[in-house]
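User: I'm new to this structure and would like a walk through it. Could you take my questions one by one?

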Amino acid sequence: MLISEFFIMVDQPTLLSTQLFYKNRVVEVTLNRVMLGFWKEIETRRKRSASFNCISKDADHHFLLVSEIVGARETKEEEDQTNKDGGRKHRVLLYPYAFTVSYTERTKHHCWRCKDIIFHCLDEAQRQQWVQTINNQLSLLSIRPKRLLVYINPYSGKQRGKWIYEQRVAPLFSRASISTDVIVTESANHARDHLKTEVDLKQCDGVVCVGGDGMFSEVVHGLVSRTQSDSRVDQNQPNQDLVPCALRIGIIPAGSTDCICYSTTGTNDPVTSALHIIMGDSQPMDVCSVHHNNTFLRYSVSLLGYGFYGDVLTDSERKRWMGPSRYDFSGLKTFLTHQYYEGTVAFLPAEDNLGNPRDKIKCMTGCHICELGANNGQLLSGDHVDKMAEENSDKETSGDGVWRVIRGKFLAINAASMSCACPRSPRGLSPYAHLADGTTDLILVRKASRLDFLRHLMRHTNKDDQFDMSFVEVHRVRRFRFVPKQSNGISEVDLSETSGKKICNQVCTAHPNNDTGHSNWNCDGEILPHADIQVSVHCQLIRLFARGVERRTTFDTYTWSVIEGSSLSWQA
Ligand SMILES: Nc1ncnc2c1ncn2[C@@H]1O[C@H](COP(=O)(O)OP(=O)(O)OP(=O)(O)O)[C@@H](O)[C@H]1O
Ligand SMILES: CCCCCCCCCCCCC/C=C/[C@@H](O)[C@H](CO)NC(=O)CCCCC
Ligand SMILES: [Ca+2]
């Protein structure tokens with residue numbers, strides 16, 4: 001925060017200002033629309049005059065941003081005291097007119113915690129006035145959700161979803177006066193189908209899923225499909241512009257990978273996610289639609305992986321009983337198998353102003369690349385992209401045209417629409433991919449030795465560049481298509497056809513899927529039934545209760561620091 005912003009903050013009209021007790025000291029507490037501030041009582045008259053408009057170097061100023069307050073409530077502070085005579089313990093009400101303000105505090109590794117600060121009033125009327133005024137102010141923050149629909153998958157990850165929600169999240173929602181409808185799912189696709197057909201979406205301000213990436217995917221499918229059917233949009237048309245979803249989605253992580261939660265908040269911590277939901281954060285996100293010929297298959301928001309990640313998933317699905325460690329087991333097994341797959345990839349590269357997957361520009365809170373992507377996306381709707389391809393098709397060749405075509409033997413083909421950072425891979429499959437730029441990073445890992453492939457995989461877990469290897473190439477794309485080579489050896493594309501448009505049409509229609517010798521696509525942790533697929537990125541189709549990964553804030557000569565574990569202080 002800039003100093004000028006601080007002065008703007010303190011310059012707001014005062015809503016309430018009285019003397020209260022804080023930790024046995026008298027303090028002057030003031031609330032305005034943006035901050036709740038309080039000052040230690042200081043001996044001299046001059047220092048006592050410290051007010052919102054005057055920052056004195058030696059005065060002890062504390063403030064909380066209203067936007068970071070969870071809620072205020074009346075509290076009882078009791079203490080066990082021992083009777084002098086009989087030595088029996090009894091409870092004594094220490095301060096009869098106490099109230100607690102809960103607020104968000106940032107801790108290590110992007111984790112947030114809910115902290116309390118307790119004030120004591122002179123009488124009940126003063127206490128009620130404070131609690132009501134603070135909560136009224138919070139209810140004016142229209143971005144905050146008031147009613148949420150919550151789906152809990154009781155079988156995610158280590159099967160702790162229900163416990164995590166009840167013990168760690170529900171108490172915070174209740175402090176924030178959020179009302180909830182909670183549904184514990186009874187089978188796979190329960191949440192998806194409920195959202196598609198049964199829910200009155202106008203009755204809630206957001207949908208929360210408690211579980212892993214698969215549970216999030218269910219909610220995305222339910223909401224996106226519902227939005228399209230309500231707007232009479234046909235999802236089977238691969239180049240159709242889709243209607244963005246109105247409701248935001250919150251993720252309380254309780255799964256095995258939790259890649260979407262980790263990539264959008266910087267951690268997989270249920271309390272942090274609950275606080276992002278309470279604050280009413282909003283993070284737009286791209287969604288890929290996946291089609292086989294002209295039939296819609298699925299949506300994807302994180303990884304579409306053929307070859308290695310497809311095979312890991314196929315193997316691990318048979319070992320669900322192992323919990324999250326199934327991925328380690330199947331990962332090692334798949335690595336040892338060292339299978340490669342032949343096929344053709346055609347893709348439409350993204351515009352140059354959206355950077356490239358190796359430019360070291362990380363997607364962080366308020367990302368400017370995502371802003372550019374949204375603007376480009378408005379100019380390049382589905383029809384426009386087609387038109388552009390058509391206009392250029394005569395001029396371009398298959399090698400360097402609008403659509404590019406690459407044929408080869410691949411150990412893995414991965415499309416990462418976001419970094420796919422997760423605890424297993426803290427920087428992710430594509431560390432500089434963006435959450436909401438309308439593109440996906442297409443990573444082609446060609447046939448290589450086991451040792452080289454291992455070096456590539458290990459770089460997902462450390463800081464080395466996994467793309468700096470001769471057999472790996474990566475492209476930022478808006479659309480792509482893949483056709484596996486047929487087991488009978490027929491080439492799937494006639495490369496004498498050099499028009500980008502023609503090639504892409506051939507790639508997606510020429511050959512029906514033949515299971516022999518094919519891998520499966522891993523689509524956000526679900527196996528797809530077809531190997532030949534067409535993928536289009538839909539820019540910012542959904543929004544999450546998140547704000548992207550936050551930068552660590554630094555100040556030049558002034559620092560805001562957390563003191564006494566409860567509030568912020570201003571130090572020169
Ligand atoms: N009640 C249920 N019974 C069985 N399966 C369910 C139920 N509710 C949801 N599912 C399915 O369970 C699958 C896995 O759930 P989820 O993604 O939450 O956990 P995970 O696989 O452990 O985590 P991750 O996806 O992060 O690896 C999802 O595909 C979802 O459709
Ligand atoms: C010798 C073995 C080396 C292993 C190298 C480890 C590299 C880890 C990279 C992890 C990338 C995760 C990408 C996210 C994919 C999710 O959409 C999906 C659903 O949750 N998870 C998996 O498919 C689970 C995929 C798990 C893969 C191990
Ligand atoms: Ca993206």
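Analyst: Sure, here come some questions and answers on this predicted model.

User: How many helices and strands does the protein chain have, and what share of its residues count as buried?

Analyst: Let's begin with the whole chain, which runs to 572 residues. Its secondary structure comes to 14 helices and 23 strands. As for burial, the share of residues that count as buried is 44%.

User: What share of the contacts with a separation of 6 or more joins residues 24 or more positions apart?

Analyst: The count here takes contacts in the protein chain with a separation of 6 or more. Within that set, residues 24 or more positions apart account for 72%.

User: What are the confidence scores, and which residues have pLDDT under 50?

Analyst: For the model, ipTM is 0.95 and pTM is 0.85. The protein chain averages a pLDDT of 83, and 78% of the residues score at least 70. Where pLDDT is low, the predicted coordinates should not be read in detail. Two stretches that stay under 50 are residues 387-401, with 25 contacts beyond four places in sequence, and residues 488-515, with 59 such contacts.

User: Which domains does the domain assignment give?

Analyst: The assignment splits the protein chain into numbered domains, and domain 1 is written as two pieces, 3-141 and 552-571. After that come domain 2 (144-279) and domain 3 (292-538).

User: Where does domain 1 touch domain 2, and how do the residues on that side of domain 1 divide by class?

Analyst: In this pairing, 15 residues of domain 1 are in contact with 14 residues of domain 2. On the domain 1 side, the elements giving two or more residues are strand E5 (69-82), strand E6 (89-106), strand E7 (112-120) and helix H3 (124-139). By class, that side of domain 1 divides into 6 nonpolar, 7 polar and 2 charged residues.

User: Which residues does UniProt list for "domain: DAGKc", and how far apart are the end C-alpha atoms of that span?

Analyst: The UniProt record, an unreviewed entry, lists residues 143-294 under that name. In the model this span is 39% helix and 22% strand. Its end C-alpha atoms lie apart by 38 Å.

User: Which residues come nearest to ligand 1?

Analyst: The shell around ligand 1 has 22 residues. They divide into 4 nonpolar, 14 polar and 4 charged, and the largest share, 4 residues, comes from H6. The ones that come nearest are Ser156, Gly211, Gly212, Gly214 and Gly255.

User: And what about ligand 2: which domains each give at least three residues to its shell, and which residues come nearest?

Analyst: By class, this shell has 12 nonpolar, 9 polar and 3 charged residues. Helix H9 (308-317) and helix H10 (326-337) each supply at least two residues, and the largest share, 4 residues, comes from H10. Domain 2 (144-279) and domain 3 (292-538) each give at least three residues to the shell around ligand 2. Of the 24 residues around ligand 2, the nearest are Asp213, Thr257, Gly331, Ser425 and Gly525.

User: Is Ile152 buried or exposed, and which residues does Ile152 touch?

Analyst: Ile152 is found in strand E8 (residues 147-152). Ile152 has 25 C-beta neighbours inside 10 Å, so Ile152 counts as buried. Ile249 is 97 residues away from Ile152 in sequence and 13 Å away in space, C-alpha to C-alpha. Leaving out residues up to four places away in sequence, Ile152 touches Gly161, Lys162, Tyr165, Val182, Val184, Thr185 and Val210.

User: How many residues of helix H8 are buried, and which residue follows H8?

Analyst: Helix H8 covers residues 270-279 and is mostly covered, with 9 of its 10 residues buried. Among them are Pro270, Leu275, Ile277 and Met279. Right after H8, with a positive phi near 75°, comes Gly280.

User: Arg232 and Gln540 have a positive phi although neither is a glycine; is each of them buried or exposed?

Analyst: Most residues other than glycine have a negative phi. Arg232 has a phi of about 55° and sits in the loop between helix H6 (213-230) and strand E11 (248-253), while Gln540 also has a phi of about 55° and lies in strand E21 (residues 533-544). With 7 other C-beta atoms within 10 Å, Arg232 is exposed. Gln540 has 20 C-beta neighbours inside 10 Å, so Gln540 counts as buried.

Conventions: Residues numbered from 1 in each chain as written. Chains lettered and ligands numbered in written order. Predicted model: local features only at pLDDT ≥ 70, side-chain atom pairs only at ≥ 80, totals over all residues. Buried ≥ 20, exposed ≤ 12 C-beta atoms within 10 Å, placed from the backbone. Near = placed C-beta within 6 Å. Nonpolar A, V, L, I, M, F, W, Y, C, P; charged D, E, K, R; others polar. UniProt positions renumbered as here; feature names shortened; annotations may be inferred. pLDDT = per-residue confidence, 0-100. Contact = placed C-beta atoms within 7 Å. Domains from an automatic or database assignment.
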